[in-house]
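Colleague: I have just opened this one and would like to learn how its labels are earned. Could you take me through it?

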Amino acid sequence: MSIYVGNLSYDATKSDVEEVFAEYGTIKSTHLPTDRETGRPRGFAFVEMSSDAEETAAIEALDGAEWMGRVLKVNKAKPRERR
DNA sequence: GTTGAGCGTT
């Protein structure tokens, strides 16, 4: 399972995201995608944690929380295979 | 500013 983090500040970096999510569990991996064509930051991220319970805890704790001047939107990510 | 890659045509 992975977490989707939307409405992310464009100043946020992978390390920033990991720092915050690490408070609620162990980070397995983090994605901070940029637009493949333009190289522009896309303003969202994906985080994978070591257990579903930790991810749920992080979602509940961080969804709607203000971070770096923006209110985060955090929820379970959709599978990327679909697109 | 809201759902990841890259390869490159099953």
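Modeller: Gladly; here are some labels and the reasons behind them.
This is a predicted model, where local features need pLDDT of at least 70, side-chain atom pairs count only at pLDDT 80 or more, and totals for chains, interfaces and linings use all residues. Residues are numbered from 1 along each chain as its sequence is written, and side-chain values use heavy atoms, with hydrogens and water left out.

Colleague: Why is Ile-3 called buried?

Modeller: Buried means under 20% relative accessible area, with exposed over 50% and partly exposed in between (1.4 Å probe, protein chains only). Ile-3 has 0% relative accessibility, so Ile-3 counts as buried. Ile-3 sits in strand 1; strands (E, at least two residues) and helices (H or I, at least four) are DSSP runs, numbered from the N terminus.

Colleague: And why is Thr-30 buried?

Modeller: Its relative accessible area is 5%, so Thr-30 is buried too. Thr-30 belongs to strand 2, residues 27-31.

Colleague: What makes the link between the side chains of Thr-30 and Glu-18 a polar contact?

Modeller: A polar contact is a pair of N or O atoms within 3.5 Å; within protein, one must be able to donate a hydrogen and the other to accept it, and residues adjacent in sequence count only if both atoms are side-chain atoms. For Thr-30 and Glu-18, the value is 3.0 Å.

Colleague: Which residues does Thr-30 touch, leaving out those up to four places away in sequence?

Modeller: Contact means heavy atoms within 4.5 Å. Thr-30 touches Lys-14, Val-17, Glu-18, Phe-46 and Val-47.

Definitions and conventions
Chains are lettered from A and ligands numbered from 1 in the order in which they are written.
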